[in-house]
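Let's take a friendly walk through this model, with an eye on charged side chains, domain contacts and a few individual residues.

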Amino acid sequence: MSSFNNSLEEKHYYETQVSEDEFLTWYKQQHFPTHDVPSVTVDIVLFCYNREEDDLKVLLIKRNTHPFQYSWALPGGFVQQHVSTADSCIRQTFAETGVSITKNNIEQLHTFSTPGRDPRGWVITVSYLAFIGEEPLTAGQKTSDASWFSVKRSVNLLTLSNSKKAQIKLNLLNGESLGRDSLAFDHADIVTKAFNRVCNKMYHEPQVLRVLGESFTITQARKLYAKFLGIDYQEIDHSNFKKALLPYLDEVGQKAIGVGRPSKIYQLKTRQ
């Protein structure tokens, strides 16, 4: 195909109909013709937790354009002029998944700038981390699918899997991808960085409890933490766990759960 009616038609053709090598040749001619400056993208790791299923999940999208066409990836995209990275993160998440988040949901995770991390050229990404409730998903125009992946930890191996039989295995020590499916770009590094960040901070900055909603019991919090530790929640001593978290919690009531005394209900203290 040698002629196009407009630039959008040309862009769609090269993003979807040719090989990745042909796409990259065209892309660099279009976007990096005369100057050597970095582009900036955002990527976000969104964790949720399903109480009924006792299932920790992370949100991924399947790309339908080059590069890494048909690979799973984190929601994200390029930062446009006059738009902050935080606002770009919020906009891209909604555009690609239909999930609405706010600046109160997100925190900056890390800046990834390793040369060659994006085959299109010099691209730096600012990554974000968010804790939200599980929401229905709607794939955007540049994504062929959006899916919640269950997250299972076994020692230093992290397995991400969904109902469509996709399975991604990540080494928590070095971010290496080991499964039959792999993540686009360096998103394996970003996911493992986010997971380890939560593990390192959850006893002194327990924002991960936001995935439990507005209120929760200590037992529900133990079950969530056990997912990040890769153990049975009963291995976490209830009394010591409660003592460690109480400085960050407000008691908001009681609720009858099964037989016995009602369980106390807590919520996270408001961040100052």
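Glu251 has a relative accessibility of 45%, so this residue counts as partly exposed. Please keep in mind that the structure is a predicted model. Glu251 meets Lys264 in a salt bridge, with 4.0 Å from N to O between their side chains. This pair links distant parts of the chain, with Glu251 in strand β10 (residues 249-255) and Lys264 in strand β11 (residues 263-268), 13 residues apart. How accessible is Lys264? Its relative accessibility is 35%, and therefore Lys264 is also placed in the partly exposed class.

**Salt bridges**

Some background helps here: side chains of opposite charge can pair when their charged atoms come close. In this model the count comes to 13 salt bridges. Four of them are set out below, each with its N to O distance.

| Salt bridge | N to O distance |
|---|---|
| Glu107 and Lys201 | 3.2 Å |
| Arg120 and Asp118 | 2.7 Å |
| Glu251 and Lys264 | 4.0 Å |
| Asp54 and Lys227 | 3.6 Å |

Glu107 and Lys201 form a salt bridge in which the closest N and O atoms are 3.2 Å apart. Which elements does this pair connect? Glu107 sits in strand β5 (residues 106-112) and Lys201 in helix α4, so far along the chain that 94 residues separate them. Both Glu107 and Lys201 are buried. The partners Arg120 and Asp118 are likewise both buried.

Salt bridges can also share partners. Glu251 and Lys264 pair across strands β10 and β11, while Glu53, Lys57 and Glu134 are joined into one network by salt bridges with shared partners.

**Where domain 2 meets domain 3**

The domain assignment divides the protein into domain 1 (1-35), domain 2 (39-202) and domain 3 (207-268). Domain 2 gives 15 residues to the contact with domain 3, and domain 3 gives 17 residues. The C-alpha centres of these two domains lie 26 Å apart. Between them, about 1600 Å² of area is buried, and carbon and sulfur atoms give 64% of that area. Which three residues supply the most of the area that domain 2 buries against domain 3? They are Tyr49, Arg51 and Met202, which supply 43%, more than any other three residues.

There are polar features here too. One salt bridge is counted between domain 2 and domain 3. The side chains of Asp54 and Lys227 meet in a salt bridge, at 3.6 Å from N to O. Six residue pairs are in polar contact across the interface of domain 2 and domain 3. On the side of domain 2 that touches domain 3, the elements giving two or more residues are β1 (39-50), β7 and α4 (187-201). The residues on that side divide into ten nonpolar, no polar and five charged.

**Asp145 in strand β7**

Strand β7 (residues 143-154) holds Asp145. Is Asp145 buried or exposed? Asp145 is buried, because its relative accessible area is 16% and the cut-off for buried is under 20%. The side chain of Asp145 makes a polar contact with the side chain of Lys164, at 2.7 Å. Leaving aside residues up to four places away in sequence, Asp145 touches Leu60, Ile61, Lys62, Trp72, Ala139 and Lys164.

**Asn105 in a loop**

Asn105 is found in the loop between α3 (85-97) and β5. With a relative accessible area of 25%, Asn105 is partly exposed. What lies 2.8 Å from a polar atom of the Asn105 side chain? That is the backbone nitrogen of Thr102. Not counting residues up to four places away in sequence, Asn105 touches Leu129, Ala130, Phe131 and Ile132. Asn105 and Phe195 are 90 residues apart along the chain, and their C-alpha atoms are separated by 16 Å.

**Helix α1 and its cap**

Helix α1 (residues 7-16) has Tyr13, Tyr14, Glu15 and Thr16 as its buried residues. Which residue caps the N-terminal end of α1? Asn6 does, with a side-chain oxygen 3.2 Å from the backbone nitrogen of Leu8.

Key: Residues are numbered from 1 along each chain as its sequence is written. This is a predicted model: local features need pLDDT of at least 70, side-chain atom pairs count only at pLDDT 80 or more; totals for chains, interfaces and linings use all residues. Side-chain values use heavy atoms; hydrogens and water are left out. Helices (H or I, at least four residues) and strands (E, at least two) are DSSP runs, numbered from the N terminus. Buried means under 20% relative accessible area, exposed over 50%, partly exposed in between (1.4 Å probe, protein chains only). A polar contact is a pair of N or O atoms within 3.5 Å; within protein, one must be able to donate a hydrogen and the other to accept it, and residues adjacent in sequence count only if both atoms are side-chain atoms. Contact means heavy atoms within 4.5 Å. Domain bounds come from an automatic or database domain assignment. Buried area is the accessible area (1.4 Å probe) that two parts lose on being put together, summed over both. Ala, Val, Leu, Ile, Met, Phe, Trp, Tyr, Cys and Pro count as nonpolar, Asp, Glu, Lys and Arg as charged, and the others, Gly among them, as polar.
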